[in-house]
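This report goes through a structure element by element. The sequence and the model are shown first.

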Amino acid sequence: MTTNTASTPEVRTSRLRHWLGWFRREEAMSFWIIIGFFVVWEVACHLFSLPVYFLPPPSVIAQAAVEFQRALMINSIQTLWTTMAGFGFAVVFGLALGVAVGGSRRLYKGLYPLMVGFNSVPKVALVPILVLWFGIGSVPAIITAFLISFFPIVVNVATGLATTEPEMDDILRALGASKLDRLLKVGLPGAMPHFFGSLKVAITLAFVGSVVSETVAANSGLGHMMLMAQANFEVPLVFAGLLALAIEGVLMYALFVVIEKRMTGWAFRSQQAQQ
Amino acid sequence: MSVIDIEGLRLGYGGMAPEQLVLDGIDLHIGSGEFASIVGPSGCGKSTFMKLLSGLLTPQEGRILIDGTPISGPRSEVGMAFQNAIMLPWRTTLENILLPLEVSPATKSEFRHRKAQYRRQAEELLTAVGLEGLGDKYPWQLSGGMRQRASLCRAMIHEPPLLLLDEPFGALDAFTKEELWAVLQSLWQRRKFTVVMVTHDLTEAAFLSDTVYVMSARPGRMLVRQDISFPRPRDLDIRFEPDFVRHVHDLREHIRGTRAQADPHTAARAVS
């Protein structure tokens, strides 16, 4: 019979201490703040005896989330996929247009006012038109997510390309390097920190786009579910929907932070080295 | 080794009116394997002159002949280094140095096949400038002086017959600077390329060059040519010999002359 070291009391206390140590570290700050936020919310609801249809406490919201978990799951997945689809298009077209605009001064000057104009139009105002064209469903949500997250990607890629060091460009041009080579070897890699940085902004905006569209015209998705729940006076479910949205947003944001660090770690390290 | 002949060079930005004129009638002959420096008051068009030599700009009047053929655009036969030793932070030092070979039309097609050979060349250069074994470091892991050494390697990796240096040591501390003068001198002696260097440091110009040209204030003209004929290799202590000091002093006087000339002009412009 082998002795199970994991169950000796000394090992258990040292492991406990290890865990407690983690909770005291800087990284654990966000954990405590989130816990604190919900505790304050819960306490405030009871203290001021707020009615559940006005502001339900987190415990009631959690109950609703368990009760309606199927609906929450289905609609979360629906929102996630329309958001990611729209975001995906935004990445592809944003990168392409960003490179075109960043690579040519003429195109930049010519297209910029139009792009700013497009971006100034509130996207919610476009949803009725999109419904007119494509009917109610996923397509307007995808297009709204695309439209809203497209612009920051274009601007950042173009800016990244425009900030190529002029001396570097001189060296390459004096060597007779082709425009394509200058773009592939210097311009684009140099613009990558801008590009990956913009993805964090774009993904959160994409959620705004798809949910706005779902709230105005859809028959599924978190936005639609929350609208229905509100109409039925299921206020805890409305908040459960909000929470699901927040969780999706945070997870996607975190995903792109990781990707950014992976792809353009040199930018962080070279910045640190210069300080 | 390139021979440079410049005839009646004039260039203006936006036009040839007196206030747009940057270079006004430059005639120059730089011999094969010569080390020539250009000094002058700031804003006299030295950097513009370098852009003309590299083929990035074309003059409105006059022409530049390199080895007898007028230049009409960028050619891969020049190497360039600037005061700011910009390196691509996502590439290692060695990969940065290899960049010219990767993009130059002359070597681009065979780069893949001959990569091993090119890497060896780059490592030899790194050793020559005192960066032995540091090729795998990223630029941000190097000090300013080390980056400038690496940028010299990059300028020379494709063995250009003409090296253009625009204040290459301007941002370095005095000791690093002196070390790099010696490095550059020995590389130049070994490889015998032609060098045109722009600098603000008169000691640097006198120490490294065969000929020093003093440029006038804008619009730039070559005012004085000073030959400096100390034997090579020159030792750093040469700077304290009376003959050397006299050279530097003369250059200083010429520059003061150009500044005095320029002052009423710039003052008038500031008022208007």
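## Two helices of chain A

The model is a predicted one. Helix 2 of chain A is hardly covered, with a count of zero buried residues among its 19. This helix spans residues 29-47 and reaches 26 Å from its first C-alpha to its last, close to the 27 Å expected at 1.5 Å a residue. Helix 2 of chain A is followed by Ser49(A), which has a positive phi, near 35 degrees.

Helix 11 of chain A runs from 235 to 263, a stretch of 29 residues. From first to last C-alpha it reaches 42 Å, close to the expected 42 Å. Among the buried residues of helix 11 of chain A are Pro236(A), Leu237(A), Val238(A) and Phe239(A), and also Glu248(A), Met252(A) and Glu260(A). The partners against which the buried residues of helix 11 pack are helix 3 (58-67), helix 4 (69-103), helix 9 and helix 10 (222-231), which belong to chain A.

## Chain B overall

Chain B contains seven helices and 10 strands. Its radius of gyration is 19 Å, which agrees with the value near 19 Å that a compact globule of 272 residues would have. Along the principal axes, the C-alpha atoms of chain B fill a box of roughly 55 × 45 × 35 Å.

Of the 272 residues in chain B, 42% are buried. Among contacts in chain B with a separation of 6 or more, 74% come from residues 24 or more positions apart.

## The six-stranded sheet of chain B

Six strands of chain B form an open sheet with mixed pairing, in the order 6-7-8-3-9-10. Strand 6 (78-82) and strand 10 (222-227) of chain B each have a single partner strand, so one side of each is left without a neighbour in the sheet. On average, and with direction ignored, neighbouring strands of this sheet are turned by 15 degrees against each other.

Within this sheet, strand 7 (residues 162-166) and strand 8 (residues 194-198) of chain B run parallel and are joined by five bridges. Leu165(B) has Met197(B), in strand 8 of chain B, as its bridge partner. Helix 4 of chain B, residues 144-156, lies across strand 6 and strand 7 of chain B and runs at about 165 degrees to strand 6.

## The four-stranded sheet of chain B

Chain B also has an open sheet of four strands, ordered 2-1-4-5 and paired antiparallel. Its edges are strand 2 (21-30) and strand 5 (69-70) of chain B, each of which pairs on one side only.

Strand 1 of chain B, residues 4-12, pairs with strand 2 of chain B in the antiparallel sense over seven bridges. Asp5(B) stands opposite His29(B), which lies in strand 2 of chain B.

## Contact between the chains

How many residues does each chain bring to the contact? Chain A supplies 21 residues and chain B supplies 23 residues. On the side of chain A that touches chain B, two or more residues come from each of helix 8 (166-174), helix 9 (179-216) and helix 12 (265-274) of chain A. Helix 8 of chain A gives the most to this side, with seven residues.

By class, the side of chain A that touches chain B has 11 nonpolar residues, three polar residues and seven charged residues. Helix 9 of chain A is thus named twice in this report: among the elements on the side that touches chain B, and among those that the buried residues of helix 11 of chain A pack against.

Note on methods
Residues are numbered from 1 along each chain as its sequence is written. Chains are lettered from A and ligands numbered from 1 in the order in which they are written. This is a predicted model: local features need pLDDT of at least 70, side-chain atom pairs count only at pLDDT 80 or more; totals for chains, interfaces and linings use all residues. Two residues are in contact if their C-beta atoms, placed from the backbone, lie within 7 Å. Ala, Val, Leu, Ile, Met, Phe, Trp, Tyr, Cys and Pro count as nonpolar, Asp, Glu, Lys and Arg as charged, and the others, Gly among them, as polar. The expected span of a helix is 1.5 Å times one less than its number of residues. A residue is buried if 20 or more other C-beta atoms lie within 10 Å of its own, exposed if 12 or fewer, and partly exposed in between; C-beta atoms are placed from the backbone. Two strands pair if DSSP finds at least two bridges between them. Axes are lines fitted to C-alpha atoms, for helices over the stretch in contact, and angles run from 0 to 180 degrees between N-to-C directions. The radius of gyration is taken over C-alpha atoms; the globule rule is 2.2 Å times the number of residues to the power 0.38.
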